[in-house]
Protein chains: 2
Amino acid sequence: MAPHDAVEVITAKRDKGELSDSQIDWVIAAYTRGDVADEQMSSLAMSILLNGMVPREIARWTAAMIASGERMDFSALSRPTADKHSTGGVGDKITLPLAPLVAACGVAVPQLSGRGLGHTGGTLDKLESIPGWRATLSNEEMFAQLESVGAVICAAGDGLAPADKKLYALRDVTGTVEAIPLIASSIMSKKIAEGTGALVLDVKVGTGAFMKDVARARELAETMVGLGTNAGVNTVALLTDMNTPLGLTAGNAIEVVESIEVLQGGGPADVVELTLALAREMLTAAGVTDVDPAGKLADGSAMDVWRAMINAQGGDPEAALPVARESHVVTSPSTGTLTRLDAMAVGLAAWRLGAGRARKEDPVQAGAGVVWHARPGDRVTQGEPLFTLLTDEPERFDRALESLESGFDIGEGTFTAPDLIIDRID
Amino acid sequence: MAPHDAVEVITAKRDKGELSDSQIDWVIAAYTRGDVADEQMSSLAMSILLNGMVPREIARWTAAMIASGERMDFSALSRPTADKHSTGGVGDKITLPLAPLVAACGVAVPQLSGRGLGHTGGTLDKLESIPGWRATLSNEEMFAQLESVGAVICAAGDGLAPADKKLYALRDVTGTVEAIPLIASSIMSKKIAEGTGALVLDVKVGTGAFMKDVARARELAETMVGLGTNAGVNTVALLTDMNTPLGLTAGNAIEVVESIEVLQGGGPADVVELTLALAREMLTAAGVTDVDPAGKLADGSAMDVWRAMINAQGGDPEAALPVARESHVVTSPSTGTLTRLDAMAVGLAAWRLGAGRARKEDPVQAGAGVVWHARPGDRVTQGEPLFTLLTDEPERFDRALESLESGFDIGEGTFTAPDLIIDRID
């Protein structure tokens, strides 16, 4: 006989109780094998969202999700490992320059990434705009590439935290995404199962982020840092601004281009700043304190790792990237200082142009996206280009323009952008 | 395009908002036709359970469930109609004498009943112990019997509030049964769709009832009376005690026997008291104020309607009822006054003896159940029979005895039982 039943576990949390370790282990295992039905897990998820979980419950829930699948182990590698996870933002291409940069500094980066859903892009979607590049590697290929190149960005295998995969898809359709215990355990179960030695979390805050206010973002960051630390992963989090999109591009191929600019020692200042800050955190968390990553951007060694990394996964780092068939330029309606550029408005526009997907099974356009020609604080001139919209399907321009319409302000005088890095939690 | 989507409705209630009429209409209709999935409705149900609903939402939810199916109409009958609904108790056979009694007083009773699940019995299960009796009638048969006999007790057709049928089954497995808005709308959607002109609710309170405390029972009663009144059904509720089981029997055939005793002018005092109180409420609610139901028990006219009612549905009112193959007598461990007889303990014992079912598809034993030989306030003598347990399967005695063990107290001195009728709400 089963030690628990679904209604018992659901009603315990519904009535504001703490779930026992045994209840958590049972419900995750039973859900994974289908003995707890989707409609039971969704009412439990809603109870967790509304009634919360104490740290012990979240840690056990995470451990149970890890235990639902395989766990990778990179301890046999010749160098330490560090990974980064971003909670998702607009124009957030940081993983692309960051992984080869950290590898160039002597720390291996086993980066399991996802595809985009909704207004935030996915790292794999961006890389798939490179001709020939493939996201799927076997565990053996991943290990070999970490040893030879030092950096891998690939799709998570099906064997990793299958309970999380099932629960993540369920939460998406049942209004139970926005629960800190469930967000934290979802992210951390995958990252801990992935076997990284150190982990840096980039928790985004602002209009374009999942967390709209700093207090909730801090709570999520603290929860995740606690989970990582307890599981023996050296974990630190940065809270970073996502009211403004990162860099000057949001899309797929256009973000790869911007990432390569950074790897070549150029690129927008904010992308460089965040890439270096996260690289320093990853190096420190992995125990490497004597290498300055800025030098590895300047001397081309990060770019060398990028080329090797793309090559190793079948991509041609020198190939021309896809370009959208149609473009539309939006000019500035007045002259002054750009005082606001809303990340959500830009993200929605890029999504509506075809850079993102509405449903998991939808394709994305490699060339679609938004380029903005000024960042908050920059001067703009009436009649000069403010945005360039890119898509293969010109019928998409109208709805993209709609979302940009109220997405920026132009004012007089000077304007100082808020700090990109808001806080650090360890 | 649909006017709403499931996640929008779920998150509105999750975030403590009020659902609009349009959202409620859409979600009930979409759930009925399968466009809203079970896992979406269950997280919405949990949100409703935890965040509540205002009266307007509950009324609209009820109306939408009624609109999901057919609505019966008895206005063409030659007499007024009244129905009774009990929220469920142990030994609650009141419907059996009540329906023919009220019909004998000139008010037609279209009583749609259910089968039992768990420790409370089902009216249809009790009547099905009568050889030949059938629970399923067409709408035309029901109408004809109401005209000719004046009383019908039968199963609700599949066409009545199908949204409620689907939601009721879902709530049972997702820990979302105990939500007053959902309980009230479930009961009232069926009763309003059934087309009765007046309705009396018997809301049970106590250990053997769904509602353990008077405050929650009163809230449920007030909610249901409001729903009925707004829908044009003259509705009143009695709060009645269910700490002690009703009468002296809990089972199927043995409750029919007790009901016939009441119809013959005898029977336990509490069963007679509650039957008469509910009959008077039904008559008053239906506009009949000049008939005393007590006289209709005394003069045999209620018994005449009973015979006609059983006959009309294929049953033989004179046939011998099934008797359990095995019996076991529990004697009183001491001499004194019975000061407590717990309804839940007795209900569980009857259920474990085979009178009830654990799953919807299980059969019940017609002869199984518990007879108690004393009620709280009665004197008991050491070594004399206190309970008789009845079942076809003697291996069931042990677990039934277990549940009775701590289900009664014997003390010294006098003992006054609390009032059977706690409150009246209209």
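Reader: Which residue of chain B comes closest to the rotation axis?
Author: Glu39(B) does, with its C-alpha at 1.9 Å from the axis. This is a predicted model, in which local features need pLDDT of at least 70, side-chain atom pairs count only at pLDDT 80 or more, and totals for chains, interfaces and linings use all residues. Residues are numbered from 1 along each chain as its sequence is written, chains are lettered from A and ligands numbered from 1 in the order in which they are written, and side-chain values use heavy atoms, with hydrogens and water left out.

Reader: What makes the axis a two-fold one?
Author: Chain B is superposed on chain A by a rotation of 179 degrees with 0.0 Å of shift along the axis, at an RMSD of 0.1 Å (a least-squares fit on the C-alpha atoms of residues with pLDDT of at least 70 in both copies). The two copies are therefore related as by a two-fold rotation axis.

Reader: How do you know that the same surface serves both copies?
Author: Of the contact residues of chain B, 100% recur in chain A, where contact means heavy atoms within 4.5 Å. Chain B and chain A each bring 22 residues to the contact.

Reader: What area do chain B and chain A bury between them?
Author: About 1,600 Å², with 64% of it on carbon and sulfur atoms. Buried area is the accessible area (1.4 Å probe) that two parts lose on being put together, summed over both. Arg14(B), Glu39(B) and Leu50(B) supply 36% of the area that chain B buries against chain A, more than any other three residues.

Reader: How is chain A divided into domains?
Author: Domain 1 covers 6-52 and domain 2 covers 53-426; the bounds come from an automatic or database domain assignment. Their centres, taken over C-alpha atoms, are 31 Å apart. In chain A, 23 residues of domain 1 are in contact with 21 residues of domain 2. The area buried between these domains of chain A is about 1,900 Å², and carbon and sulfur atoms give 69% of that.
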